[in-house]
Amino acid sequence: MSSQELRKVMSEPEPLSLHVPEPAVRPGGNPDFSNVKIPRAGAVPRPEIDVDPETIRELAFSIIRVLNRNGEAVGPWAGLLSDEELIEGMRHMMTLRTFDARMLIAQRQGKTSFYMQHLGEEAISCAFRKALSPGDMNFPTYRQAGLLIAGGYSMVDMMCQVYSNSRDPLKGRQLPVMYASKEHGFFTISGNLATQYVQAVGWAMASAISKDTKIAAAWIGDGSTAESDFHAALVFASTYKAPVVLNIVNNQWAISTFQGIARGGSGTFAARGLGFGIPSLRVDGNDYLAVHAAAKWAIERARRNLGPTLIEYVTYRVGAHSTSDDPSAYRPKTESDAWPLGDPIIRLKNHLIVKGVWSEERHKQTEAEILDTVIAAQKEAESYGTLHAGGKPSARDMFDRVYAEMPPHLRRQRQQAGV
Amino acid sequence: MARMTMIEAIRDAMDVMMARDERVVVFGEDVGYFGGVFRCTAGLQQKYGKTRCFDTPISEAGIVGTAIGMASYGLRPCVEIQFADYMYPAYDQIVSEAARLRYRSNGEFTCPLVIRMPTGGGIFGGQTHSQSPEALFTHVAGLKTVVPSNPYDAKGLLISAIEDPDPVIFLEPKRLYNGPFDGHHDRPITPWSKHELGEVPSGHFVLPLGKASVVRTGSAVTVLAYGTMVYVAQAAATETGIDAEIIDLRTLIPLDLETIAASVRKTGRCVVVHEATLTSGFGAELAALVQESCFFHLEAPITRVTGWDTPYPHAQEWDYFPGPARVGRALVETVEA
């Protein structure tokens with residue numbers, strides 16, 4: 001540029017223009033994940049849990065992976081789970097996938113109003129649950145039912161909630177999949193986004209105030225990290241070194257909005273933690289072993305009073321956002337096939353086969369056996385009613401539990417309603 | 001004139017205004033490429049480009065906060081909150097900021113802004129997709145609150161809202177998007193294509209804010225309604241055979257008290273219906289205004305039929321929703337009182 005041109009630029013700025021990010025590909029295009037940099041399995045170091053966060057900043061930009069392409073578990077994050085535990089994890093993921101498939105069909109049959117599945121994301125909640133201890137509390141979003149499945153919560157109870165039937169533990173008050181179980185460390189799901197991320201921090205602070213040993217786990221999706229509550233959670237967690245694991249499930253899509261809209265100029269979602277001085281990991285969310293290992297590391301830090309850890313799980317939402325959504329309107333239909341981190345169930349299956357403790361035949365048998373179990377649970381749940389047929393919660397239930405004690409004005413309204 | 005659903009009428013209003021006035025910008029969650037979860041903005045990004053219609057991060061405070069900044073710059077933002085139930089993170093921006101810029105700066109700064117949000121129940125959306133928070137806006141000095149009940153009104157009122165110099169909350173009853181709904185959930189849906197108010201003028205046309213519409217004339221009792229309840233009230237009147245005069249308020253603030261008072265002075269009786277919870281609901285304001293301006297004409301207590309004072313339930317949707325049977329009973333009681 002000549003000095004004359006430079007002067008012109010300096011004195012008369014060009015008009016500004018607004019930057020609006022776009023995903024690499026839209027419907028009709030060829031899926032392209034070349035921008036997702038995948039390090040080889042085993043490449044990321046495993047720091048001591050009392051590490052100085054400043055020294056592990058690069059972990060927020062890489063991806064912790066254990067399972068390699070050959071189905072072997074490699075590197076410093078491998079070797080934490082026994083064969084039995086891995087097979088159990090396999091069964092949990094398969095159960096969750098089958099549960100989802102049956103409930104999706106039930107929704108299409110009009111047995112409930114709405115459903116949200118986990119397809120492709122099963123490893124995250126299933127593996128995380130196995131790293132927790134009894135008494136710990138999750139503040140989940142609507143796509144962490146693996147916490148319940150892997151925690152041994154009754155599938156019949158889950159289905160009764162989905163059906164809003166006479167045995168619904170939540171008395172028909174909540175949308176399907178908005179479960180709640182204190183006993184199973186599963187906080188009541190709000191349905192509004194990000195609100196509970198900061199509550200998890202408060203719960204963890206309460207545990208510390210009370211000199212307890214329990215820790216909390218906060219859950220959020222990539223899209224909802226844009227909410228103010230996410231940032232409030234990080235600052236409180238950072239300030240009070242709350243015993244909490246701050247989980248971000250980055251499944252690439254917030255309904256129709258690609259993750260770049262919420263991420264903005266930041267390299268990764270994990271990097272959001274760095275400005276708060278919170279150790280931040282980025283993990284292969286489709287690798288059961290990697291999820292479990294990272295969760296265990298973070299949970300251990302929280303338990304040892306070393307403070308919060310932020311974990312971004314890199315995954316892909318294979319299905320629709322919900323039964324009200326059609327992803328073919330905003331992303332290529334074959335995009336999920338191109339996702340470079342594969343399928344969590346197939347990857348763990350391959351690993352178990354490589355280890356010689358599993359086979360295609362055993363996998364098929366297990367699939368059939370799980371399907372039978374899920375169908376049996378479904379039959380039982382449906383015997384207590386579905387949303388529009390059979391047993392249902394009473395209209396009287398609608399007035400209960402608004403308060404501990406029903407105030408006179410509500411009592412009058414219940415009388416007016418004649419229930 | 002063209003046949004439109006309420007979704008199409010709302011989209012058409014934004015389309016007309018974006019074409020006429022390049023200061024009009026439209027944004028919100030899933031609003032850009034996809035065109036909104038209810039498709040109200042479908043095609044606008046293709047037509048007007050990414051800088052005039054775009055997707056935002058999931059941050060209602062961010063959406064409204066940036067919209068206020070844009071409005072104060074001189075643009076005319078018309079933003080979408082995906083469900084009214086999701087507006088709470090934006091509430092501080094709406095109440096403390098948008099509503100007060102003009103007042104606290106003595107007109108130095110203003111906020112010509114429209115915040116659209118789907119509202120109300122009837123779709124088995126549970127507590128997070130069914131709320132009617134209009135009273136949380138009408139209680140705030142500096143805001144205008146609009147609730148259209150049909151495609152014709154939706155278009156005319158939305159254009160007025162976009163042209164208005166002050167912030168307008170535009171609540172769209174989502175159960176009415178594809179057709180009128182009278183509360184008989186077990187009957188087939190009537191599409192807007194079969195309804196006279198599905199006939200919408202093309203191009204620019206406005207309905208003034210603050211003008212109610214008498215949708216049924218009668219002499220026995222006045223029913224004040226807005227949104228979905230306009231159709232429930234009509235069904236209740238037909239089914240009870242009561243000669244009710246039904247007023248669709250269309251705009252809550254500013255309120256057309258003149259039309260209301262003229263009707264109540266004629267009928268001597270008044271029933272107020274809304275989907276929102278009873279206590280401190282907009283019905284309380286209406287009842288107070290009616291008794292202030294029509295006390296000596298009233299022959300019966302003013303009755304309110306509303307949602308119960310509980311969160312909006314999922315399974316018990318039709319026990320909660322004030323349907324034609326409940327409204328009908330109130331009409332009978334008020335006329336016989």
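Two residues count as in contact here if their C-beta atoms, placed from the backbone, lie within 7 Å. Keep that in mind as you click around, and remember that this is a predicted model.

**Stop 1: a loop in chain A**

Select A:V25 first. You'll find A:V25 in the loop between α1 (3-11) and α2 (83-108) of chain A. Which residues does A:V25 touch, leaving aside its neighbours within four places in sequence? Light up A:N30, A:P31, A:D32 and A:P332, and you have them. Now add A:E335 to your selection. A:V25 and A:E335 are 310 residues apart along the chain, yet their C-alpha atoms are separated by 9.1 Å. A:V25 itself is partly exposed, with 16 other C-beta atoms within 10 Å.

**Stop 2: the sheet of chain A**

Staying in chain A, colour the strands in the order β1-β2-β3-β7-β6: they make an open sheet of 5 strands with parallel pairing. The edges belong to β1 (137-139) and β6 (280-284) of chain A; each has a single partner strand, so one side of each is left without a neighbour in the sheet. Tilt the view and look along the sheet: the twist averages 20 degrees from one strand to the next.

Zoom in on β3 (residues 244-250) and β7 (residues 309-314) of chain A, which pair in the parallel sense over 6 bridges. What holds paired strands together in general? Strands of a sheet pair through backbone hydrogen bonds, either parallel or antiparallel. To see one facing pair here, pick A:N247, which stands opposite A:I311 in β7(A).

Next, show helix α9 (residues 288-303) of chain A. This helix packs on the sheet and touches β3, β6 and β7 of chain A, with its direction at about 170 degrees to that of β7(A).

Before leaving, click on A:K241, in the loop between α7 (228-240) and β3 of chain A. A:K241 is not a glycine, but has a positive phi of about 45 degrees. With 18 other C-beta atoms within 10 Å, A:K241 is partly exposed.

**Stop 3: where the chains meet**

Zoom out until you see both chains. The contact between them takes 35 residues from chain A and 31 residues from chain B. On the chain A side, select α8 (259-263), α13 (395-399) and α14 (408-417), which each supply at least two residues. Which of the elements gives the most to this side of chain A? That is α14(A), with 4 residues. Colour the side of chain A that touches chain B by class, and you get 19 nonpolar, 13 polar and 3 charged residues.

**Stop 4: the sheet of chain B**

Hop over to chain B and pick out the strands in the order β9-β11-β10-β13-β14. These 5 strands form an open sheet with mixed pairing. At its edges stand β9 (213-216) and β14 of chain B, each with a single partner strand, so one side of each lacks a neighbour in the sheet. Neighbouring strands of this sheet are turned by 25 degrees against each other on average, direction ignored.

Find β10(B) and β13(B), which run parallel and are joined by 3 bridges. B:V223 has B:V271 as its bridge partner in β13(B). Now bring in two helices. α10(B) packs on the sheet, touching β10, β13 and β14 of chain B, and its direction makes about 160 degrees with that of β13(B). Helix α12 (residues 324-336) of chain B lies across β10, β11 (244-248), β13 and β14 of chain B, at about 170 degrees to β14(B).

**Stop 5: two sides of one helix**

Stay with α10(B) and show its side chains. Which residues of α10(B) are buried? They are B:F282, B:G283, B:L286, B:V290 and B:C294. They cover an arc of only 100 degrees around the axis, which puts them on the same side of α10(B). Turn to the face away from that buried side, and you'll meet the exposed residues B:A288 and B:E292. Among the elements covering the buried residues are α9 (257-267) and β12 (251-253) of chain B.

**Stop 6: two backbone oddities in chain B**

Go to B:P254, in the loop between β12 and α9 of chain B. A cis peptide bond joins B:I253 and B:P254, with omega about -5 degrees.

Finish at B:D30, in the loop between β2 (24-28) and α2 (44-48) of chain B. Phi of B:D30 is near 65 degrees, a positive value in a residue other than glycine. Is B:D30 buried or exposed? With 26 C-beta neighbours inside 10 Å, B:D30 counts as buried.

Key:
Residues numbered from 1 in each chain as written. Chains lettered and ligands numbered in written order. Predicted model: local features only at pLDDT ≥ 70, side-chain atom pairs only at ≥ 80, totals over all residues. Buried ≥ 20, exposed ≤ 12 C-beta atoms within 10 Å, placed from the backbone. Arc of directions from axis to C-beta. Pairing = 2+ DSSP bridges. Axes fitted to C-alpha atoms, helices over the stretch in contact; angles between N-to-C directions. Nonpolar A, V, L, I, M, F, W, Y, C, P; charged D, E, K, R; others polar.
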